Amino acid sequence: MPPGWDCPTLNKGAKMDLALSEEQEMLRKMARDFLADRCPKTLVREMEEDEKGYSPELWREMAGLGLLGLAFPEKYGGSGGSFLDLAVLLEEMGRALLPGPFFSAVVLGGLTILDAGSEAQKQEFLPQISRGETIMALALTEPSAGYDAASVSLRAAADKDDYILDGTKLFVSDAHICHYMICVARTGEGGSPEEGITLFLVDAKSPGISYTLLDTIASDRQCEVVFDKVRVPQTNILGGLDQGWSVMKRVLERAAAGKSMEMVGNSQQVLEMSVNYAKEREQFGQPIGSFQAIQHYFAHMATDVDGSRFIAYQAAWMLSEGLPCASEVSTAKAWVSEACRRVDLTGHQIHGGIGFTKDHDIQLYFRRAKAAELAFGDARFHREVVANQGLGL
Amino acid sequence: MRFRFSEEQERFKNDVRNFLAQEREKIKQLPREEFPETFYSDMGQTGWFGVAFPKEYGGTGHSRMWEGILLDELNVGAPEPVWTAALILGIAAPMILNHGSEEDKKKWLPLMAQGKIRVSVGCTEPDSGSDVANVQTRAIEDGDDFIVNGTKLYNDSYKYQYMITSVRTDTAGPKEKGISILMIDLNSPGITVSAMSTMWGFRRNEVAMEDVRVPKKNLIGERDEGYDAAFHTARNAEWPHMGSPTEIKGSFNTILDYVKQATHRGKPISEIPSIRHLLAELALELELAELIYYRALWLEEKGLPSAGGGAMTKLYTALLHYRIHNAMIDVTGQFGQLARARTGEARRLAPMRGLSPIMFQYGVSQTIAGWSADMQRNRIAAGLGLPDAE
C-alpha cells in the first residue's frame with residue numbers, strides 16, 4: 001500500500017496499517033505455543049467424546065495466563081485488551097481446534113455483561129469469568145432457528161419482583177456445564193419485533209430448566225434447553241427491560257466476527273498441513289506438490305485464506321474501534337464461512353485417501369468449519385444483511 | 001435416438017427393485033451389526049452378479065448397460081453399502097474377464113455370479129494411490145506358490161472370501177513391468193484384516209499380509225503382465241456405480257420433500273428465491289448426470305470411443321454428490337448439523353432422519369475414492385487427444 005493512502009471505508013484520514021502490534025504478535029506467539037503444547041489433537045479427540053467437552057485443568061491454566069479476562073478492563077480482573085486482541089487469540093484457538101466454553105463464557109457471556117451490565121453485574125461476574133470460576137452460555141436461538149428479533153418467542157412474564165420464563169432454546173453451546181445463562185426473552189408484544197425483548201441472567205441451576213445434549217457434526221456441546229416456568233429475579237435483567245435487542249445486535253456482531261476469526265485459524269492450519277503433505281507425498285516418482293493441478297489448488301487456498309484473514313480482521317478492528325460495521329461484519333461472516341469450507345474441502349482433496357480416515361486430523365477441521373459456518377448466521381443470512389444494510393436494497 | 005430402456009430392461013429394473021425391497025425387509029430382522037450373508041446368497045441365486053458376464057462363465061450374457069441398470073437400483077435399494085456388491089460386479093469380475101486366462105474365467109466367474117464367493121479388490125497401498133504402478137506388495141516364488149508380503153488399504157475384505165490384488169513379482173525393470181494379479185484367499189495364515197475408521201462411518205479395511213502363501217494357480221492372467229489389469233481397473237474403477245446418480249437423486253428428492261413442507265417464521269422456505277434457484281440448478285445438473293451416465297454405458301455397449309470413457313460420469317457425479325449433500329445442510333440451516341440421536345428428546349430434532357452430517361462427509365470422499373478427480377480429468381484430456389505433459 002502506498003504510504004498515506006486513505007481508505008474511504010475506514011477512519012478517514014488515518015493511514016492504513018495491516019500489521020499487528022508488537023504486543024499482539026507476542027500474544028499470538030504465546031497463545032500458539034501454549035495451545036500447541038497443552039491442546040494437542042489427542043485432547044481434541046478426547047473432548048469430542050467427553051460429556052463436558054472441555055478440560056477443567058486446561059481451563060484453569062488459561063485463566064492463569066490471563067486469556068479468559070483478556071478483553072475485560074483491569075478493574076474487573078481482566079488485562080484491558082481490545083476486541084482486536086481477542087480476535088488474535090480466537091484465530092489461534094481456531095487453529096488449535098480448542099474444545100470447550102471459551103467462546104460462550106467470554107465472547108457471548110462476558111463481553112455482553114461488559115457491554116450492557118450494571119456496575120454491580122460487571123463487578124460480580126467479570127472477575128469470576130476471568131478467574132475461570134464462572135462459565136456462561138447464551139440462549140438465543142429457538143426452534144425457528146433465526147437470528148432476528150422476530151424469532152424470539154420465549155416468554156418472560158412479570159410476577160411481582162420476578163419474571164417467569166417459559167419456552168425452548170436450541171443450539172445453546174455449553175448450556176449443560178454453565179453456571180449462568182443469558183436468556184433472550186420476549187417481555188412485550190405490539191410494535192416491532194425488536195421492541196419487547198429483554199436479556200435475563202439465569203442461574204443454570206434454577207428449578208424448571210432441563211438440558212438435552214445434541215449430536216452434532218462437529219461433536220461440539222450444543223444443547224436444547226427447556227425453560228419450564230423458571231423464576232428469575234428482576235434484578236437479573238441485563239441492560240434494561242425491553243431494551244435487549246439493541247444489545248443483542250452488538251452481541252451477534254461480536255459473535256459473527258469472533259467465529260470468523262476461528263475459521264481463519266482453521267483454514268490457515270489446513271493450508272499449512274496440506275502444503276507439508278504435498279511436499280512429502282510422492283506419486284509417479286515426485287512430490288504431488290510439483291503437479292500443476294495441485295499447485296493451482298494451493299493458489300486458490302492461499303487466496304481464500306488471505307482474503308478471509310483481512311476481511312475478518314477488518315470487522316474485528318471496526319468493532320474494536322466502536323465503528324458501525326454491521327455490513328462489514330456480515331461481509332466477513334458470509335465470505336469466511338464459504339472460504340473456510342472451500343479451503344478445508346480442497347485440503348481433503350490434496351490429502352486423498354489418508355485424509356478420509358478418522359485417524360487423520362484434517363476431518364476434525366472440516367467438521368468444525370461446518371459448525372462455524374452455521375453459527376450466528378450462515379452465508380445466506382449475512383448476504384441479506386449486506387444487501388439491506390451495506391447496499392440499501 | 002430413443003431415451004428409454006427397452007421393455008425387457010424395464011422389467012429387469014422392476015424385478016431388481018422388488019427383490020431389493022424384499023431383502024431389506026429380511027435384513028431388518030437381523031441384529032444391527034450382523035453381516036447380511038443371505039443378501040449375497042439370494043442375489044447369487046438370481047444370477048445378477050453375472051449380469052454382464054458371458055453365459056459360458058455363469059453370467060446372463062447382457063451388456064454393461066444392464067450392469068448400469070442393476071447398479072442404479074443397488075445404489076438406492078441395497079440393504080448395505082452399495083460398493084460391496086458393486087465392486088464384485090464393476091471391478092473384480094471385469095479384471096478376470098478382461099485379463100484372465102480361459103481357465104481363470106471358468107474357475108472364478110461362475111462362483112462370483114452365483115454369489116458363492118465375495119471378492120474384494122485390493123488396489124490402494126500406503127504408497128500407491130493415484131500411482132497405480134507403484135505396487136510395493138511383494139510376491140516371491142517358492143515352489144508352487146508365491147509368498148506375499150505387503151499391505152492393502154481401503155477395501156471391503158471384512159467377511160469376504162477372496163481379495164483380487166496387484167503384487168510385484170519382478171523388481172528388475174520399470175515399475176509398470178513386474179506386476180501380477182493374484183486371487184488371495186483371505187482365510188490364509190498371515191493375513192490380518194482390520195477396520196479403518198472413516199469420516200462417514202462405514203467400515204473400510206486394511207489387509208496386512210505377512211508371508212502369506214498363495215498358490216501360483218491363483219494368478220490371474222500372465223505373470224508380470226498385470227499392469228494393464230491394475231491400470232484398467234483404476235481407469236474403470238467404480239465408474240458405473242460411482243457415476244450412477246440414483247443415490248444422489250434420492251438425496252435430492254429428500255431435500256425437495258423437506259423444502260416443500262418446511263417453514264421459517266411462518267413462511268414456506270420454498271418461497272425463498274435463493275433456495276428455489278439452488279434446487280433448480282441441482283435438478284438441472286442431476287438431469288445431466290443421468291444422461292452422461294447412460295451415455296457412457298451406451299458407448300461402451302456399442303464399442304464406440306469417447307472422451308475419457310467412464311471418467312466423465314464418475315467425475316461429474318462425484319462433484320455433484322458433494323454439492324447436493326452440502327445443499328442438504330444449507331436448506332435446513334443450523335438443523336442440518338444435527339445427526340439423529342439414538343435416544344431421548346434430541347432424536348426428534350434432526351431433519352431428514354439426521355442424515356445430513358454423514359452424507360455431507362460421504363460427499364467429500366467421492367472425488368477421492370475410485371481414482372481421484374484430477375486423474376479423471378487427465379483421462380478426459382487424454383480422450384480429447386491432448387498430449388501428455390513432459
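Select chain B and chain A together and show the polar contacts between them: 22 residue pairs, both at pLDDT 80 or more, are in polar contact, a term that stands for a pair of N or O atoms within 3.5 Å where, within protein, one must be able to donate a hydrogen and the other to accept it, and where residues adjacent in sequence count only if both atoms are side-chain atoms. This is a predicted model, in which local features need pLDDT of at least 70 and side-chain atom pairs count only at pLDDT 80 or more, while totals for chains, interfaces and linings use all residues. Residues are numbered from 1 along each chain as its sequence is written, chains are lettered from A and ligands numbered from 1 in the order in which they are written, and side-chain values use heavy atoms, with hydrogens and water left out.

Next, colour the side of chain B that touches chain A by class: 22 residues are nonpolar, 16 polar and nine charged, where Ala, Val, Leu, Ile, Met, Phe, Trp, Tyr, Cys and Pro count as nonpolar, Asp, Glu, Lys and Arg as charged, and the others, Gly among them, as polar.

Widen the selection to every contact, meaning heavy atoms within 4.5 Å, and 47 residues of chain B are found against 45 residues of chain A. The area buried between the two chains, which is the accessible area (1.4 Å probe) that two parts lose on being put together, summed over both, is about 3,800 Å², and carbon and sulfur atoms give 59% of that area. In chain B, pick out Met199(B), Gln334(B) and Gln337(B), which lose the most area to chain A and together make up 20% of what that side buries.

Now select Glu224(A) and Arg348(B), whose side chains meet in a salt bridge at 3.0 Å, N to O; the term means a side-chain nitrogen of Lys or Arg within 4 Å of a carboxyl oxygen of Asp or Glu. Across this interface the rule finds three salt bridges, and over all chains the search finds 47.

Stay with salt bridges, but move into chain A and select Arg38(A) and Glu57(A), whose side chains meet at 3.2 Å, N to O. Arg38(A) belongs to helix α1 (residues 22-38) and Glu57(A) to helix α3 (residues 56-64), so the pair ties together parts that are 19 residues apart in sequence; helices (H or I, at least four residues) and strands (E, at least two) are DSSP runs, numbered from the N terminus.
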